[in-house]
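Student: I am new to this structure and would like a close look at a single part of it, the place where the chains meet. Please take me through it slowly, and then set it in its surroundings.

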Amino acid sequence: MKREIWKGSEAIAEAAIRAGCRCFFGYPITPQNEIPEYMSLHMPQSGGVFVQAESELAAINMVYGAAASGVRAMTSSSSPGVSLKQEGISYMAACQLPAVVVNVMRGGPGLGSIQPAQGDYFQATRGGGNGDYRTVTLAPANIQEAVDLTQEAFDIADQYRNPVVLLADGLIGQMMEPIVWKERTPRQLPEKIWAASGRRGRDHTNFITSLLIDAPACEAHNLELAKKTAEMEKNECRWEEIMLDGAEVVIVAYGTPSRVAQTAAENLRKQGVKAGVFRPITLWPYPYARLKEIAALDTTRVFLDVEMSLGQMLDDVNLAVAERKPVRFYGRCGGSIPHVSEVEQAALEAWKEVK
Amino acid sequence: MTAAALFPHRLTIVTGHYGTGKTEFSVNLALALAAEGERVSLADMDIVNPYFRSRERRSLLEEAGVRLVAAPQALSDADVPALPAELHAVLEDRMVRGVLDIGGDPSGARVLARYRPRILKEDYQLLYIVNANRPEVRTAKRSAEYLRAIETVTGLVCTGLVNNTHLCGETTSEDVRHGVNLAEEISQATGVPVICHAAEARFIPQLLDLALFPITIRMKKPWE
């Protein structure tokens, strides 16, 4: 297969088009402007619709409308812009509308910086908007994976009728890497008989709303959503294990820090320190069960959680490890990327501490 | 062949599609010219990319004696199209060799239009970087369209093509040869000559028949 060089943001946009996305609505923000830029040229060429909305709120509500009509729709933004979209994501979860939301994270809180960060972990994995709902959160660590997960995101969204978040840090959005366009086998998906796409001879009108003013009806609806949440937790968990054979120090990291951690672990192995990397690919559902097994291994001595935030995924690592082994933390934030030497040093200190 | 002989003009303006490797080439050219004893300034004129800009290699360049002309640190990540006043020094000081690293596409090259009157008074070459592994410009037709569009927005004429075909860490000498063919096709379509082929020094033994500009990867990712 032919390898090509793609920039992360462009690759995500092209992957969405190839996955059958026919509506893109967005509003520019660094560091993901190449997504709307690419869409503005290529979406119309592929028979779809591109709209640069007047705001993030408008964009997410256009996605809501397009998704309600049964069309594959997507929006993208970066951290502060994604905060603005939370209301729409909550409404779509309530209305059981499939859509893909891409967040190419930058430094925060607030407007923050334009350099890469991971401070939106809580927002993405805990729902983000109001109410009881979760969104499958996919975190690519390279451009090939960004492509594959973007395509997968549309299938997951359709299967569970739920918004899916692709959570990339700024570096994944901006860097270039070789990729191949694989032949993929789409999931068997149910027909969208719920879509508000015109009556077309049906004996009833499809009506989509998140307003359930009768409390028992609203509770019953929440319990239906909870069944889907449980299904997603059961079926959609993904992770990668890198050099974990006999690893004494296990670095847990996703996205860009997992690449840094891998180089650090390779360097440590050369120095005789058995280091490895556990890389969650889905941040929700989180691979608790596998991390718990690793924590129970005799060889595992200590965990080091590495993030481009100040200890958000750390909560999930602690939930999984549950004090079976010590958990240490190293993080940079606000747009700074951890250096290989810093991660190496932190891992070495953690390892010496428990040796 | 020396870098100064391959690129004999005082100002070298480096343009092309996004991600073809303009910054990598520019940093390497500035370092090569400095190593040959030239007084060199590298102007980071990229106002369209937030990351992977030549200003990120300030210490490497300065240690090699290259003067980096870039937006001041306070504006470096400000996400505004700010250009430093010292740029005029590079354009006007005829004792200095200037390498101008321009942002991608016609949108990035637009920054040059403002300096066109000055550039026309100087001894300059405007290069168009070719990378056959970039999907938007992998055909001669598309590549030529970008080249002409860059000329249109800048009001300057492209004087040379540089084949910089790579696949990041997975590049082989075959990729470079693939780019040779594309560069020649673009040359036939546009009449713009191929100046040379940029390739990592490790590929030199397999590419001895080509006019090569050997490079060392300087714009590495944080884990490389």
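**The contact between chain A and chain B**

Tutor: A good place to start is a single pair of charged residues, E10(A) and R134(B), which form a salt bridge in which the closest N and O atoms are 3.0 Å apart. Please keep in mind that everything described here belongs to a predicted model. The pair is part of a short list, since the count of salt bridges between chain A and chain B is three. When polar contacts are considered, 12 residue pairs are found across the interface of chain A and chain B, with both residues of each pair at pLDDT 80 or more.

Which elements of chain A carry this contact? Those that give two or more residues to the side of chain A that touches chain B are β1 (4-7), α2 (34-45), α8 (170-174), β8 (176-179) and α10 (256-270) of chain A. Of the residues on that side, the largest share comes from α2(A), which supplies five. Sorted by class, the side of chain A that touches chain B holds 14 nonpolar, seven polar and nine charged residues.

Taken as a whole, the contact draws 30 residues from chain A and 24 residues from chain B. The size of an interface is often given as the accessible area lost when the parts come together. By that reckoning chain A and chain B bury about 2,500 Å² between them, and 58% of this area lies on carbon and sulfur atoms. Three residues deserve to be picked out here, for I5(A), I114(A) and M176(A) supply 24% of the area that chain A buries against chain B, which is more than any other three residues supply.

Let us return to E10(A) and look at the helix around it. The helix α1(A) spans residues 8-18, and 10 of its 11 residues are buried, so this helix is largely enclosed by the rest of the structure. E10(A) is itself one of the buried residues of α1(A), and the others are G8(A), S9(A), A11(A), I12(A), A13(A), E14(A), A15(A), A16(A) and I17(A). Just after this helix, G20(A) takes a positive phi of about 95°.

Another element already mentioned, α2(A), can be approached from the loop that comes before it. P31(A) is found in the loop between β2 (23-26) and α2 of chain A, and the peptide bond that joins T30(A) to P31(A) is cis, with omega about 10°. A cis bond also joins W284(A) to P285(A), where omega is near -5°, and P285(A) lies in the loop between β12 (282-284) and α11 (288-296) of chain A.

From the contact we may turn to the nonpolar interior. In soluble globular proteins, nonpolar side chains tend to be buried together. The largest nonpolar core here has 66 residues, and those with the most contacts inside it are I35(A), M39(A), M74(A), V102(A), L138(A) and I251(A). Helix α7 (residues 143-160) of chain A gives the most to this core, with nine residues. Apart from it lies another core, of 32 residues, among them I13(B), V90(B), Y124(B) and Y128(B).

What does L138(A) touch, leaving aside its neighbours within four places in sequence? The residues in contact with L138(A) are then L149(A), A153(A), I156(A), V164(A), V165(A), L166(A), L167(A), I281(A) and T282(A).

Finally, a few residues in loops complete the picture. G335(A) lies in the loop between β14 (327-331) and α13 (340-354) of chain A, and G335(A) is buried, with a relative accessible area of 13%. Apart from neighbours within four places in sequence, G335(A) is in contact with G107(A), S113(A), Q115(A), P116(A) and A117(A). Although G335(A) and S78(A) are 257 residues apart in sequence, their C-alpha atoms are 13 Å apart in space.

M243(A), which lies in the loop between β9 (239-242) and β10 (249-252) of chain A, has a phi near 55°, a positive value in a residue other than glycine. With a relative accessibility of 28%, M243(A) counts as partly exposed. In chain B, F52(B) likewise has a positive phi, near 55°, and is not a glycine; F52(B) is found in the loop between β2 (40-45) and α3 (58-63) of chain B.

Conventions. Residues are numbered from 1 along each chain as its sequence is written. Chains are lettered from A and ligands numbered from 1 in the order in which they are written. This is a predicted model: local features need pLDDT of at least 70, side-chain atom pairs count only at pLDDT 80 or more; totals for chains, interfaces and linings use all residues. Side-chain values use heavy atoms; hydrogens and water are left out. Buried means under 20% relative accessible area, exposed over 50%, partly exposed in between (1.4 Å probe, protein chains only). Helices (H or I, at least four residues) and strands (E, at least two) are DSSP runs, numbered from the N terminus. A nonpolar core is a set of buried Ala, Val, Leu, Ile, Met, Phe, Trp, Tyr and Cys residues joined through side-chain atoms within 4.5 Å. Contact means heavy atoms within 4.5 Å. Buried area is the accessible area (1.4 Å probe) that two parts lose on being put together, summed over both. A salt bridge is a side-chain nitrogen of Lys or Arg within 4 Å of a carboxyl oxygen of Asp or Glu. A polar contact is a pair of N or O atoms within 3.5 Å; within protein, one must be able to donate a hydrogen and the other to accept it, and residues adjacent in sequence count only if both atoms are side-chain atoms. Ala, Val, Leu, Ile, Met, Phe, Trp, Tyr, Cys and Pro count as nonpolar, Asp, Glu, Lys and Arg as charged, and the others, Gly among them, as polar.
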